[in-house]
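Me: I would like to learn how to read strands, turns and ring pairs in a structure. Could you take me through them one at a time?

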Amino acid sequence: MKRQVRWFCFFLLVSIPLGGCAAPAVLVGGAAAMTAASGTYIYLGGELKTDYNAPFDRVWTACEKTVAQMRGVNVQPAREIGQGSISTVINDEKVNISVKYKTKNLTTVSVRVGTLGNKLSSQVLHDKIGDNIQK
């Protein structure tokens, strides 16, 4: 029995370094998916993402209203079936808003402000989008 436990520990210790970064990436990705489903924000790679409990069309309209309220210039909307993006400049910062259909009443929105991303500014835009969805 002791010999089996030793072999098990040996294989466990040898297999962990051989696994590389895939296991931690899966764990992080799984955590991100769980938090998005629970209605919280995920800030990853300069983009702030969240899911809204609303149909795609209502979320898209709310994003357009938000850009108009924030006085966006050089607005370039690009909408397709089930996804769309709005590129604009607000307060001398480039803003990209991406809207993706997830289910009938669940839509994902990601916001990037600036080249590298600005979490606080992205949060302000998400707050305004959420307010416009509720109206």
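Me: Which residue stands opposite I90 in β5?

Reply: In this model, which is predicted, I90 of the one strand faces E93 in β5. These partners belong to a longer ladder, since β4 and strand β5 (residues 93–103) run antiparallel and are joined by eight bridges.

Me: How many residues lie between β4 and β5 in their hairpin, and which residue in the turn has a positive phi?

Reply: The hairpin has two residues between its strands, and N91 in the turn takes a positive phi of about 50 degrees.

Me: In what sense do strand β3 and strand β4 pair?

Reply: Strand β3 (residues 73–80) and strand β4 (residues 83–90) are paired in the antiparallel sense over six bridges, and P77 has I86 as its bridge partner in β4. Their hairpin also has two residues between the strands, with G82 at a positive phi near 80 degrees. As a general idea to carry along, side chains in a regular strand alternate between the two faces of the sheet.

Me: How many aromatic pairs are there?

Reply: Ring centres must lie within 6.5 Å to pair, and planes under 30 degrees apart count as stacked. The count by this rule is one aromatic pair: F56 and W60 are stacked, at 6.3 Å centre to centre and with 20 degrees between the planes.

Me: Where do F56 and W60 sit in helix α3, and are they buried or exposed?

Reply: F56 and W60 are separated by about one helical turn because they are four residues apart in helix α3 (residues 56–69). F56 is buried, with a relative accessible area of 8%, and W60 is buried as well, at 3% relative accessibility.

Methods:
Residues numbered from 1 in each chain as written. Predicted model: local features only at pLDDT ≥ 70, side-chain atom pairs only at ≥ 80, totals over all residues. Heavy atoms only, no water. Phe/Tyr/Trp six-rings, centres within 6.5 Å; stacked < 30°, edge-to-face > 60°. Buried < 20%, exposed > 50% of the residue type's maximum accessible area, 1.4 Å probe, protein only. Pairing = 2+ DSSP bridges.
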